[in-house]
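Before accepting a label for part of a protein, it helps to ask what earns that label. Please look at the structure below and follow the questions one by one.

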Amino acid sequence: MTAKLHCFGESGNAYKAALTLELSGYDWEPVFVDFFDGATRSPEFRKLNVMGEVPVFEEEGTVISQSGAIMYHAVTRTGRFGGAEGEAEEVLRWVLWDNHKMSSQAGTIRFLMNFLPEAKRPKEVIDFLQARLKNAYATLDTHLKSRDWIVGACPTIADISACGYLYYPEPFGFDAKDWPEIDRWLGNISALPGWKHPYDLMPGNPADRAPN
């Protein structure tokens, strides 16, 4: 049975789950969630995920939400991207770091800067979050010196998690050329067989929606 991932192209968190499924060879298909028309607030969606968020994974009666949990599910089912023996805790450490320190900031800033009407964009909040995000980029860039991957000698879901928002074209304070180690590492990820840009992997693209 083909698994379903409820997602939309603009969601970096959904991209983490979708890219893990795609790179690991999982039998899956995307199900478009019209976030910008309020689909995640509907009673039907809240029955699927009381948190009202994407991504949501469904397979043979199993329902999983939160990108990290879905990525770990794919690791346990496929044996791929979980790291070598003895690396599981380090992989988890970086997944949790990304969720707390980087993706949470990047996702919020990107939404505020691109998907709110310009008059409603809170400059002080954006500036504050961008300062925090800059520290996260510096941490990752320093860690990647002399390394191809975040953990060990092979790509893991730590890499897939941390890259979740960094391929998007919308401006939110990230420019790969400012972070040479991150730039090189993103090239390593995009060179993996089966890699796809988020707008090619999942339905939904700002170009498909009318401007605010």
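Q: What makes up the chain over residues 1–82, and how far apart are the end C-alpha atoms?
A: In this predicted model, the stretch is 37% helix and 22% strand, and its end C-alpha atoms lie 23 Å apart.

Q: Why is the name "GST N-terminal" attached to residues 1–82?
A: The name comes from an unreviewed UniProt entry, which annotates residues 1–82 as this domain; such an annotation may be inferred rather than shown by experiment, so the label should be read with that caution.

Q: What makes Ile182 and Trp185 stand out in the largest nonpolar core?
A: The core has 64 residues, and these two touch the most other members. Helix α4, residues 88–114, supplies the largest share of the core, with 8 residues.

Q: How do you know that Trp185 touches Leu140?
A: Contact means heavy atoms within 4.5 Å, and Leu140 is listed among the contacts of Trp185, as are Leu144, Trp149 and Asp159, with residues up to four places away in sequence not counted.

Q: Which residues lie nearest the centre of the largest pocket, and which element gives the most to its lining?
A: Ser11, Asn13, Val54, Gly107 and Tyr165 lie nearest the centre, among 27 lining residues, while α4 gives the most, with 7 residues. The pocket holds about 610 Å³ of space.

Q: What makes 15 residues of this lining count as polar?
A: The lining divides into 8 nonpolar, 15 polar and 4 charged residues; residues that are neither nonpolar nor charged count as polar, Gly among them, and therefore Gly107 belongs with the polar ones.

Methods. Residues are numbered from 1 along each chain as its sequence is written. This is a predicted model: local features need pLDDT of at least 70, side-chain atom pairs count only at pLDDT 80 or more; totals for chains, interfaces and linings use all residues. Side-chain values use heavy atoms; hydrogens and water are left out. Helices (H or I, at least four residues) and strands (E, at least two) are DSSP runs, numbered from the N terminus. A nonpolar core is a set of buried Ala, Val, Leu, Ile, Met, Phe, Trp, Tyr and Cys residues joined through side-chain atoms within 4.5 Å. Buried means under 20% relative accessible area, exposed over 50%, partly exposed in between (1.4 Å probe, protein chains only). On a 1 Å grid over the protein atoms alone, a cavity is a set of points where a 1.4 Å probe fits but cannot get out, and a pocket is an open set with protein on both sides within 12 Å along at least five of seven lines; lining residues have an atom within 4 Å of a point. Grid points are joined across faces, edges and corners, and a volume is the space filled by probe spheres set on the points.
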